[in-house]
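Subject: The structure we talked about

Hi there,

Here is the structure I promised to pass on to you. Please have it open while you read the notes underneath.

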Amino acid sequence: MPKTNKENTVAVKPKQTIVQVAVPTPLRRKFDYLLASEDDHERIQVGIRVLVPFGRTTKIAIVLGLSEHSDVPANKLRPISKILDKQAILPLDIIKLLNWVARYYQHPIGEVFQTAIPVHYRKKEIPFATEEIRYILTQQALDNDWTTLKRAIRQLSLLKQLQTVPKGLTKEQLSQKQEGQWQSALKALIDKKWVKEQVSLKAKPAYSYLYGEEICKHSALILNEEQERAVSALLEKADEYHASLLDGITGSGKTEVYLSFIEYQLQQSRQVLVLVPEIGLTPQLLERFNDRFNVTIQSLHSGLNNTQRMLVWQQVSEGKVRILIGTRSAVFTPMPDLGAILIDEEHDLSFKQQDGIRYSAKDIALVRANNAGVPIILGSATPSMESLFLCQQGKMSHYKLRQRAGKAKPPQVHLLDVRGQYLQHGLSQTLINLMKQHLEKNNQVLLFQNRRGYSPVLLCNKCGWISHCHRCDAKLTYHRQHHRLRCHHCQVEQELPAHCPECAHVELSYLGIGTERVEKTVRELFPEVEIVRIDRDTTQRKGTLESMLERVKDGQQQILIGTQMLAKGHHFPNVTLVAILDIDQGLYSIDFRAPERLAQLITQVSGRAGRAEKKGQVVLQTSHPEDETLNTLLNEGYMGFAQKALAERKELLLPPYAYQALIRAEANKTSDYQKFLDACFQVMNQIKNTLLQGNDSQFLGPVPAPMEKKAGKFRGQLLVQSVQRKNLHRILHGLIQTVETNKMAQRVRWSIDIDPQDLY
Ligand code: ADP
Ligand code: ZN
Ligand code: ZN
């Protein structure tokens with residue numbers, strides 16, 4: 001059911017109304033206020049913003065609820081200073097969702113609300129585009145004798161006019177109907193309280209969501225059998241909460257399945273929310289959606305400025321936009337007619353926010369769909385272990401697309417053992433020969449190297465000096481184009497030294513390979529061939545990524561070099577050879593999720609090859625051809641790998657078979673974060689032993705973070721793990737209360753990461 005703003009108006013006429021609000025502050029609680037005047041009684045409602053006194057300042061808060069009771073003694077309650085909105089900026093379903101977010105992520109509720117609304121709403125007066133002032137008659141006017149106005153012809157005329165329209169008239173409507181000096185007459189009537197101004201929503205124009213005749217611009221492709229099966233299963237559960245995983249290899253036509261499902265939702269006059277991992281993916285998807293549907297489609301992503309974001313947000317909230325395609329934070333957008341949620345590339349790490357509120361947009365979307373009673377579809381060629389686990393448990397349906405749609409064939413993948421081979425700046429001779437063969441056939445080649453810059457380390461051949469960042473436990477990367485050394489962790493930069501800063505020796509070596517170096521090498525090897533490097537350094541300017549991708553799409557005989565930006569979603573029909581230059585980088589990591597990430601990366605990058613009629617080939621350069629993850633993946637495919645990985649996690653009781661939270665702390669000194677985390681350990685251990693009778697929860701640490709020093713701060717962490725989510729949350733809840741009341745965190749900045757996705 002669409003949620004209208006009417007539901008937000010709570011009729012209250014108690015003696016005392018307590019207004020419960022979310023104030024942007026790091027305190028983890030709601031705050032109670034009183035109403036300032038009689039007048040406020042009529043205007044207060046859940047979801048609007050109010051100005052409240054807070055300490056010695058005032059803050060903009062959002063009304064979460066109205067009640068007759070408060071735990072705060074009446075004489076301590078202060079009145080709100082001002083009501084800022086005439087209509088709710090957040091509907092009840094989003095308020096409920098954000099309350100859940102605050103509880104689940106153990107985050108201050110005021111900050112949660114602050115994050116979820118457009119930046120402009122953090123400032124004072126922002127009128128909704130759809131608000132208007134109407135003039136209506138008061139009871140007083142109706143009770144009085146109008147003959148006293150015999151000589152005030154204009155006032156009388158206004159009254160008669162307004163009498164016929166109970167919901168009142170706007171200034172524009174009045175000026176069409178009245179003549180002469182009606183404005184002063186209106187003012188006189190307002191002064192004597194016979195007419196009052198009322199702010200209301202503009203009547204929605206009889207708005208057609210369609211700008212063409214039909215929802216679809218053209219008929220869909222004829223779906224293949226697998227697609228057909230997935231679509232009809234999805235449509236069976238299209239009007240209720242139901243979670244589905246669309247597990248389809250790259251090029252299997254998942255997007256076509258989404259489109260068919262969305263078409264049904266649009267026919268039911270519903271809105272659809274589509275979440276995507278990154279802005280780079282949005283233009284392509286937007287194009288495909290626009291190509292298909294005659295409805296308003298908008299996207300929300302970090303490339304928009306604050307005003308653009310707010311406009312889209314408002315249009316979606318008003319129901320004018322029927323399909324919203326957005327990144328992570330779009331999950332909070334109010335949608336009055338929400339009919340379904342889709343999450344494309346659901347395995348992608350970028351659905352998890354990595355600072356502030358470390359929320360997972362995917363998990364929030366699942367909760368939102370459940371609250372709203374609408375279906376949710378997660379799509380990926382490399383589903384996350386969490387989603388596969390939900391399928392195993394029967395909480396999510398699993399639909400598989402195993403054939404490439406159209407004529408494309410899946411690529412051949414093999415390992416290229418580079419032990420004992422001479423590598424020319426990262427390229428083996430075997431690979432160079434293969435590149436030649438593919439280029440000769442006028443095809444394209446994609447080289448993947450997940451590291452930008454020229455080389456990650458600069459070394460003095462004489463004294464062994466290494467280009468360390470003085471603010472991080474990391475090395476400075478040499479960027480050849482700008483002749484500078486840069487830290488990829490704190491953004492520190494310096495000139496490339498002409499000689500060793502320690503011993504003044506002039507021969508410095510560049511160790512390791514970045515995309516710039518690959519580009520230089522390939523240019524020398526293939527001077528005739530057009531080369532495109534796609535990484536964060538070459539695509540900083542707005543629009544460059546899109547134009548590069550366009551050029552690649554149209555071209556022949558090109559070499560593409562890129563970081564993981566190239567692994568995602570893009571469609572390169574002429575690429576027939578994909579090479580991952582250094583797969584070993586990903587093989588050894590302390591993070592238990594590393595094999596999953598590696599398998600996803602390899603599968604995703606491989607998926608870029610041979611998407612059209614030409615058959616593709618994928619080559620992985622490695623010095624560890626015996627590695628188990630690699631071999632399982634090659635011989636048994638991603639699903640084979642996933643089964644093994646899940647079995648392993650089950651045995652070791654790791655997520656998704658257990659729940660984790662990571663407590664992070666940073667300070668100016670190691671001893672400060674250590675003291676804090678030790679204290680956390682004690683507190684949690686006590687809660688565990690007293691309240692929870694020593695349940696299964698475990699504490700691992702405190703330990704220094706894998707990169708202990710970053711941007712001049714020292715960082716440590718403490719991992720909490722439990723087989724029962726409830727216990728984990730009770731322990732953390734108790735911990736937060738103790739930390740806040742005992743002022744334990746005076747020398748540290750700390751945060752809690754619920755369901756951490758990487759342990760850094
Ligand atoms: P995915 O999202 O799974 O990577 P896409 O939906 O992008 O796959 O489909 C890959 C390609 O196959 C696209 O060019 C698409 O137009 C085409 N395609 C998808 N379904 C069909 C179909 N049923 N018949 C013909 N071509 C199809
Ligand atoms: Zn030196
Ligand atoms: Zn640094």
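Below is what turned up, grouped by topic. Please keep in mind that this is a predicted model.

**The zinc sites**

Let me start with the metals. The zinc ion (ligand 2) is held by four cysteine sulfurs: the SG atoms of C460, C463, C500 and C503, at 2.2 to 2.4 Å. Along the chain these donors follow the spacing C-x2-C-x36-C-x2-C. The angles among the four donor atoms run from 105 to 113 degrees, and the site is tetrahedral. For comparison, the ideal angle for four tetrahedral donors is 109.5 degrees. Two of the cysteines have accessibility values to go with them: C500 is buried, at 1% relative accessibility, while C503 is partly exposed, with a relative accessible area of 28%.

The zinc ion (ligand 3) has C469, C472, C487 and C490 as its protein donors, each through SG, and they lie 2.2 to 2.4 Å from the ion. The donors here are spaced C-x2-C-x14-C-x2-C. C469 and C487 link distant parts of the chain, 18 residues apart: C469 belongs to the loop between β20 and β21, and C487 to the loop between β22 (484-486) and β23 (493-495). The arrangement around the zinc ion (ligand 3) is tetrahedral because its four donor atoms subtend angles of 105 to 113 degrees. C469 counts as buried at 4% relative accessibility, and C487 does too, at 1%.

**Aromatic pairs**

The structure contains 14 aromatic pairs. One of them joins Y454 and Y478: the ring centres are 5.5 Å apart and the planes stand at 70 degrees, so this pair is edge-to-face. Y454 sits in the loop between β19 (444-448) and β20 (457-460), and Y478 in strand β21 (residues 477-479), so the pair ties together parts that are 24 residues apart in sequence. Y454 is buried, with a relative accessible area of 7%, and Y478 is buried as well, at 3%.

Another pair is F676 with W750. Their ring centres are 5.6 Å apart and their planes meet at 55 degrees, so the pair is tilted. It links distant parts of the chain, 74 residues apart, with F676 in helix α19 (residues 670-690) and W750 in strand β32 (residues 749-754). F676 is buried, with a relative accessible area of 3%.

Two other ring features are worth a look on your screen. W100, Y104 and Y105 are linked into a cluster by ring pairs. At K192, the charged end of the side chain sits over the ring of W194, 5.0 Å from the ring centre.

**Two helices**

Helix α20 (residues 725-742) has 18 residues and covers 26 Å from its first C-alpha to its last, close to the 26 Å expected at 1.5 Å a residue. Its buried residues are N727, L728, H729, I731, L732, G734, L735, I736 and V739. What do the buried residues of α20 pack against? They meet α2 (92-104), β29 (659-667), α19, β30 (698-710), β31 (713-722) and β32. Just after α20, K743 takes a positive phi of about 50 degrees.

Helix α9 (residues 254-267) has 14 residues, which should span 20 Å at 1.5 Å a residue, and its end C-alpha atoms are indeed 20 Å apart. Twelve of the 14 residues of α9 are buried, so the helix is largely enclosed by the rest of the structure. Among those buried residues are K254, E256, Y258, F261, Y264 and Q265. Just after α9, S269 has a positive phi of about 60 degrees.

**A look at R122**

R122 lies in the loop between α3 (109-116) and β6 (131-137). Is R122 buried or partly exposed? With a relative accessible area of 34%, R122 is partly exposed. Setting aside neighbours within four places in sequence, R122 is in contact with I60, Q114, T115 and I117. R122 and D678 are 556 residues apart in sequence, and their C-alpha atoms are 37 Å apart in space.

Happy to go through any of this with you.

Best wishes

Technical notes
Residues numbered from 1 in each chain as written. Chains lettered and ligands numbered in written order. Predicted model: local features only at pLDDT ≥ 70, side-chain atom pairs only at ≥ 80, totals over all residues. Heavy atoms only, no water. Phe/Tyr/Trp six-rings, centres within 6.5 Å; stacked < 30°, edge-to-face > 60°. Helix = DSSP H or I, 4+ residues; strand = E, 2+ residues; numbered from the N terminus. Buried < 20%, exposed > 50% of the residue type's maximum accessible area, 1.4 Å probe, protein only. Lys NZ or Arg CZ within 6 Å of the ring centre and 35° of its normal. Donors = N, O, S within 2.8 Å, 3.2 Å for Na, K, Ca; no water. Tetrahedral: all angles 85-135°; square planar, octahedral: opposite > 155°, others 65-115°. Expected span 1.5 Å × (residues − 1). Contact = heavy atoms within 4.5 Å.
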